[in-house]
Amino acid sequence: MKIAILGGDGFCGWPATLHLSDAGHEVHVVDNLSRRWIDTELGVQSLTPMDSIQERCRIWREVTGRTIHFHLLDLAKEYDRLKAWLAEHRPDAIVHLAEQRAAPYSMKSDRHKVYTVTNNTCATHNLLAAMVETGIDAHLVHLGTMGVYGYSSVRAPIPEGYLNIRIDTPDGERAQEILYPTRPGSVYHMTKSLDQILFQFYAQNDGLRITDLHQGIVWGTHTSQTALHPQLVNRFDYDGDYGTVLNRFLIQAAIGYPLTVHGTGGQTRAFIHIRDSVRCIELALSDAPAAGDRVKIFNQMTETHRVRDLAEMVARLTGATIATLPNPRKEAPENDLVVKNDQFLALGLNPTVLAEGLLEEVVDVARKFAHRIDRSRVPAVSAWTRDLGATVEHDPEGRSLKSVS
Ligand SMILES: NC(=O)c1ccc[n+]([C@@H]2O[C@H](COP(=O)([O-])OP(=O)(O)OC[C@H]3O[C@@H](n4cnc5c(N)ncnc54)[C@H](O)[C@@H]3O)[C@@H](O)[C@H]2O)c1
């Protein structure tokens, strides 16, 4: 297949690109490299040293003989170029990962909120409009998030995207299937909820074939392809805005930093290893809906864990200490989470579960590149409201206190 990977320079996109190229597909990365600019804005860098996308593609060709094409394009701002690109290249499938994906970044300031909404909704809508206008029959696979469901405890398992309900009508009770009601907990999650409506409309109005993957929090670094050469290494975010919770615990443990648990740590979240994430994308590509079908929605996660349990597990494994800090997020202090993921299991996903070996693999990566970590960037300080901002702990290590004398 000819596959366009939008956002293919990112944390999930790069390993997905390599995985699909390795499987023999013709892969085109389309990216505006905004994530690299955000690193510059925040004054942080990937824990792992990342080469330019062009250099990454050159190394991949040298190691495997396979070509990955790179196209510099902003989906949100360059509609005409996007349309022309689709008309020229006519991909069979499009994997859409090109959005601003950090909840804390989306809540940093009004400017960050505006950027996240504009970037994400324009990127998705431009893509859908251009697909219709060019008449290409590509299968669109979008990376969404489990966060669209919200994290209140409903006790019933969260279904894969749709909910069967009964409503009262003048003629009696009627059954109906609706999109599972969204309850986004941040501006970022709100944009993913908006994406769902855009997909529903374009599938029903124009017969676009769309799969939406509601992904859990990704952890881990390597896939078998990124491990083939040091310059193919995946990006690894550890900072308070972009670092994901388990990866952050692992780097904190590796550099002797306390594991920062916010609130009671009673938040339960869904997780998936990066190897399974790329495999799920491949499985979704092989199971496209037909034109006229409703959007196909998968829950792309393999296990759920409570944050404090994860911290305790990493502490046991590494001897790290745990620091309990005020929570900068407005969220339920404790929640249960039961999630259905039957569709990927039925397609043959064999989940990678949290195991010591894999956790240690990440700790090893963190130890190897510990010299690249700026400790002052480790705390999560983006607050959901002004009031919460006043309670944020900027210095979990107490370093500035120590240096007063
Ligand atoms: N990382 C996770 O834990 C996680 C969890 C659930 C869902 N997701 C979803 O998966 C997708 C990829 O996440 P990631 O962790 O790889 O993020 P990332 O920030 O590392 O990668 C996103 C890529 O998209 C590019 N991009 C952003 N806006 C663009 C635009 N307007 N035009 C062109 N390119 C643009 C960025 O430059 C970057 O390379 C996101 O949509 C995210 O919401 C990620």
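# Exercises on a predicted model

Five bridges join strand S1 to strand S2, and these two strands run parallel. The model is predicted, and the exercises below work outward from this pair of strands.

## Exercise 1: from one strand pair to the sheet

Task: determine which residues pair with Ile3 in S2 and in S4, and in what order the strands of the sheet stand.

Solution. Begin with S1, which covers residues 2–6 and is joined to strand S4 (residues 93–96) by four bridges, again in a parallel arrangement. Taking Ile3 as the reference point, its bridge partner in S2 is Val27, while its bridge partner in S4 is Ala93. Extending the pairing outward gives an open sheet of seven strands, in the order S3-S2-S1-S4-S5-S8-S12, with parallel pairing. Strand S3 (68–72) and strand S12 (296–300) stand at the edges with a single partner strand each, so one side of each has no neighbour in the sheet. As for the twist, neighbouring strands of this sheet are turned by 20 degrees against each other on average, with direction ignored.

## Exercise 2: the crossover and its helix

Task: establish which hand the β-α-β crossover from S1 to S2 has, and how many residues of helix H1 are buried.

Solution. First consider the strand where the path starts: four of the five residues of S1 are buried, which leaves this strand mostly covered. From S1 the chain passes through H1 to S2, and the crossover is right-handed. Next comes the helix itself, where H1 (residues 13–22) has nine of its 10 residues buried, among them Trp14, Leu18 and His19. The cover over these buried residues includes S1, strand S2 (26–31), H3, S3, S4 and helix H9 (274–285). Finally, H1 is followed by Gly24, whose phi is positive, near 100 degrees.

## Exercise 3: an enclosed helix

Task: explain why helix H8 is described as largely enclosed by the rest of the structure, and identify what covers its buried residues.

Solution. The count for H8 (residues 245–254) is 10 of 10 residues buried, and therefore the helix is largely enclosed by the rest of the structure. The buried residues include Asn247, Arg248 and Gln252, as well as Phe249 and Ile251. Among the elements that cover them are S9, strand S10 (259–262), strand S11 (268–273), helix H10 (307–318) and helix H12 (356–368). Just after H8, Gly256 takes a positive phi of about 70 degrees.

## Exercise 4: the surroundings of Thr48

Task: decide whether Thr48 counts as buried or exposed, and find which residues beyond its sequence neighbours it contacts.

Solution. Locate the residue first: Thr48 is found in the loop between H2 and helix H3 (53–64). Thr48 has 20 C-beta neighbours inside 10 Å and therefore counts as buried, since a residue is buried at 20 or more. Leaving aside neighbours within four places in sequence, Thr48 is in contact with Thr221, Val233, Asn234, Arg235, Phe236, Val365 and Phe369. Thr48 and Ile373, although 325 residues apart in sequence, are separated by 9.7 Å from C-alpha to C-alpha.

## Exercise 5: the shell around the ligand

Task: describe how many residues surround the ligand and how they divide by class.

Solution. The shell comprises 27 residues, of which the closest are Gly7, Gly10, Cys12, Arg101 and Leu143. The elements that give two or more residues to this shell are helix H2 (34–42), helix H6 (110–134), strand S5 (139–145) and strand S9 (217–219). Sorted by class, the shell has 11 nonpolar, 10 polar and six charged residues.

Notes:
Residues are numbered from 1 along each chain as its sequence is written. This is a predicted model: local features need pLDDT of at least 70, side-chain atom pairs count only at pLDDT 80 or more; totals for chains, interfaces and linings use all residues. Two strands pair if DSSP finds at least two bridges between them. Axes are lines fitted to C-alpha atoms, for helices over the stretch in contact, and angles run from 0 to 180 degrees between N-to-C directions. A residue is near a molecule or strand if its C-beta atom, placed from the backbone, lies within 6 Å of it. Ala, Val, Leu, Ile, Met, Phe, Trp, Tyr, Cys and Pro count as nonpolar, Asp, Glu, Lys and Arg as charged, and the others, Gly among them, as polar. A residue is buried if 20 or more other C-beta atoms lie within 10 Å of its own, exposed if 12 or fewer, and partly exposed in between; C-beta atoms are placed from the backbone. Two residues are in contact if their C-beta atoms, placed from the backbone, lie within 7 Å. A crossover is right-handed if, with the strands pointing away from the viewer, the path from the first strand over the helix to the second runs clockwise.
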